[in-house]
Amino acid sequence: MALNIVVCMKQVPDTTEVRINPETNTLIRDGVDSIINPFDTYAIEEAVRLCERVEGSKTTILSMGPPQVESSLKDALSVGADEVVLLSDREFAGADTWATSYTLAAAMKKLKPDLIITGKQAIDGDTAQVGPGIAVHLDMPQVCYVSKIREINDEVAIVERLLEDGHEVVEVKLPAVLTVVKEINEPRLPSLKGKMKAKKTAVTVWTNDDLDTDPECLGLTGSPTQVSKIFSPPKRGGGEMIDGENAQEKAETVVAKLKELQVI
Amino acid sequence: MELDFGFNEEQLMIRDLARQIAKEKVVPARAKYDEEQKFPWDVINQIAASDLFGVFIDTEYGGCAEGNGITNMCIVTEELSKACGGIALAFAGTGLGTLPIILSASEEQKQKYLPDIASGKRLAAFGLTEPNAGSDAAAIRTTAVKDGDDYIINGTKQWITNGGDAEIYTVFAVTDKTKGARGASCFVVELGTPGFSIGKKEDKFGIRASSTTELIFEDCRVPATDMIGKPGTGFMTAMKTFDASRPGVGSQALGIAAGALELAVDYSRERIQFGKPVSSNQGLQWMMADMAMQVEAARALIYATARTIDNPKGRATKFSAMSKCFASDMSVQVCLDAIQIFGGYGYMKEYPIEKYLRDAKITQIYEGTNQIQRDEIASALIKESAQRK
């Protein structure tokens, strides 16, 4: 058996450098480096490890965005991905999570993966919706927050999900979508040979002409949600300490204040 | 911005990769290895996985050098040393141990040993120094006596970098007592060879992440085919090795100094005294400017020397000695000044800067003390003068 694995990767601004323009409440992009969404690095690593485990397997990285995403796709090649595909078209611009997952799913129909792996969410939008969205558009089973792939063969994968109060072991039929958490592995650093290979490997770019899509479902037009405003939450002020002789007295003060604020 | 030394695209990749390993793997681990004096295997495994042990070995032997191995070795050593001069030494010490094979071994010997070193599967070490043979390297007493198709080695080597952790050792022994320096030969001895054991492990002032041990040979039998070069050429091999390796020590010293300078400048902007950062004091500004000039001057000398060795037009002894001597003297002074900029905090182990000085000091001593380097430089000057007349 050999697995055809596709990993979805998003390029995001390096959050260690993120600054917000206080006037406009938008991200200052000037001079900010772009990186692979950190959660996606775990997805890439897991796919590369599966390829090392299951001979003959292949990892393809799929991303959607402007041409500058190619630099992150090259980074993915340098840590062991075999091929990279970029969906880039003005038609795709402004997509929300529904339209993004619709477009990625359309590309999946061409790539025909046995397994799709994504990071659990991206650190810029933090929605965690695109992975599950792809599964829904493709009518595939999905397992989110995967922390371990115990077993995998042509038919099924047995995986562990990381839950708040423990692990859940799930057997899932392939093809399926897994979203992974950082506990799953420790992503490797690139190798020199990987970097050389990345330099030589061309990025495959697909436009909308390469996909079978409904134009009404793409980009801003196809997005049922729109972001009306982005802002930094106001800084929380310090709390107020309530003094009093005893618990009774303090409680009375609290109740009076709550009534004053019309909370109770 | 950095000075342009004409590195090619692959060398820039090597630099970026070494820089990434330094930042992500060495910086978080350096205090622990310094404190515990343990060999940094997790970092070494990363350097191996990233193919960096191959940078000083040519492509035909599994490496990635194309006649530019010494420059590549300096690039990696500098970047790793910016984070930790001790951890960098496991890499640089392997380079030193490998050079006799690269420079003087037969094609068969190169094919046998170099691919494993290039892949990082096995580390190398260089075994010359003995208790009574430091600067006076020709005074070694370890002997190798011919016995049929073998040699039998007896003696003790001292202060051997990577001792016990390396698997491939280039060892120098006397094969003909009557011939002095022309009576020494070089052998490859593998860890595990009967009669070869690792002796005392040293407790050191600096470079504590690097292992420094004795090598003990007691009737250690090695096949004559493991002799590098002809009998009696050992001392020549050692000298050729130093010509190529000393810029590597220079790059270690350079990296330590550059790392210390960066920390000091960063700190000077954070430390507030008299209501303003200490970086606004001209006294410190001029110190930092002097430190930066010294660092760049060393860097220029080292990479020019490395390029000269990679494109040989004759023996580079003088320039190798200069790069090692200038960079190491510079490094100790820059580290002292960096501690001064940190003030009282710089003296405390809680801050990383005192370790830089401890790591820098050795670079004035090993692979020939700086007094020996000055001897080499002066003797080259006098020889050149004599030849002009």
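**Exercise 1. In which helix of chain B is Gln111(B) found, and is Gln111(B) buried, partly exposed or exposed?**

Solution. The model is a predicted one, and the first step is to place the residue: Gln111(B) lies in helix H5 of chain B. The second step is to count its surroundings, where 13 other C-beta atoms fall within 10 Å of Gln111(B). Because a residue counts as buried at 20 or more such atoms and as exposed at 12 or fewer, Gln111(B) is partly exposed. As a last step, one can look along the chain to Tyr61(B), which is 50 residues apart from Gln111(B), and find that their C-alpha atoms are separated by 6.3 Å.

**Exercise 2. Describe how chain B is divided into domains, and work out which helix gives the largest share of the side of domain 1 that touches domain 2.**

Solution. Begin with the bounds: chain B is divided into domain 1 (9-122), domain 2 (125-234) and domain 3 (241-388). The C-alpha centres of domain 1 and domain 2 of chain B are 22 Å apart, and their contact takes 23 residues from domain 1 of chain B and 22 residues from domain 2 of chain B. On the domain 1 side, the elements that give two or more residues are helix H1 (9-36), helix H4 (85-104) and helix H5 (107-118) of chain B. Of that side, H4(B) provides the largest share, with 12 residues. Sorted by class, the domain 1 side holds 13 nonpolar, 8 polar and 2 charged residues.

**Exercise 3. Establish how H1(B) runs relative to helix H2 of chain B, and list the residues through which they meet.**

Solution. The axes of H1(B) and helix H2 (residues 41-49) of chain B come within 10 Å and cross at roughly 170°. Since angles over 145 degrees count as roughly antiparallel, H1(B) is roughly antiparallel to H2(B). On H1(B), the contact is made by Ile21(B), Lys25(B), Val26(B) and Ala29(B), and on H2(B) by Val43(B), Gln46(B) and Ile47(B). By class, this contact comprises 5 nonpolar, 1 polar and 1 charged residues.

**Exercise 4. Determine how helix H8 of chain B crosses helix H9 of chain B, and why H9(B) is described as largely enclosed.**

Solution. First take the geometry, in which the axes of helix H8 (residues 317-342) and helix H9 (residues 353-361) of chain B come within 9 Å and cross at roughly 165°. That angle makes H8(B) roughly antiparallel to H9(B), and the crossing is left-handed. Next take the residues: H8(B) contributes Ser331(B), Val332(B), Cys335(B), Leu336(B), Ala338(B), Ile339(B) and Phe342(B), while H9(B) contributes Ile353(B), Glu354(B), Tyr356(B), Leu357(B), Ala360(B) and Lys361(B). Their classes are 10 nonpolar, 1 polar and 2 charged.

For the second part, 7 of the 9 residues of H9(B) are buried, so H9(B) is largely enclosed by the rest of the structure. The buried residues are Ile353(B), Lys355(B), Tyr356(B), Leu357(B), Asp359(B), Ala360(B) and Lys361(B). The elements covering them include H1, H4, helix H6 (234-270) and H8 of chain B.

**Exercise 5. Compare Asp126(A) with Asp51(B): where does each lie, and is each buried or exposed?**

Solution. The phi of Asp126(A) is near 60°, a positive value in a residue other than glycine, and Asp51(B) has a positive phi of about 70° although it, too, is not a glycine. Asp126(A) is placed in the loop between strand S8 (115-119) and helix H4 (130-138) of chain A, whereas Asp51(B) is found in the loop between H2 and helix H3 (69-83) of chain B. With 10 C-beta neighbours inside 10 Å, Asp126(A) counts as exposed; Asp51(B), with 23 other C-beta atoms within 10 Å, is buried.

**Exercise 6. Summarise chain A as a whole, locate its cis peptide bond between Leu174(A) and Pro175(A), and describe its contact with chain B.**

Solution. The secondary structure of chain A comes to 6 helices and 13 strands, and its C-alpha atoms fill a box of roughly 75 × 45 × 40 Å along the principal axes. Of the 264 residues in chain A, 36% are buried. The cis peptide bond joins Leu174(A) and Pro175(A), with omega about 0°, and Pro175(A) sits in the loop between strand S11 (166-173) and strand S12 (176-180) of chain A. Finally, the contact between the chains takes 7 residues from chain A and 12 residues from chain B, and the chain A side divides into 3 nonpolar, 1 polar and 3 charged residues.

How values were computed: Residues numbered from 1 in each chain as written. Chains lettered and ligands numbered in written order. Predicted model: local features only at pLDDT ≥ 70, side-chain atom pairs only at ≥ 80, totals over all residues. Contact = placed C-beta atoms within 7 Å. Nonpolar A, V, L, I, M, F, W, Y, C, P; charged D, E, K, R; others polar. Axes fitted to C-alpha atoms, helices over the stretch in contact; angles between N-to-C directions. Helix = DSSP H or I, 4+ residues; strand = E, 2+ residues; numbered from the N terminus. Parallel < 35°, antiparallel > 145°, perpendicular 65-115°, else oblique. Left-handed = near helix turned anticlockwise from the far one by under 90°. Domains from an automatic or database assignment.
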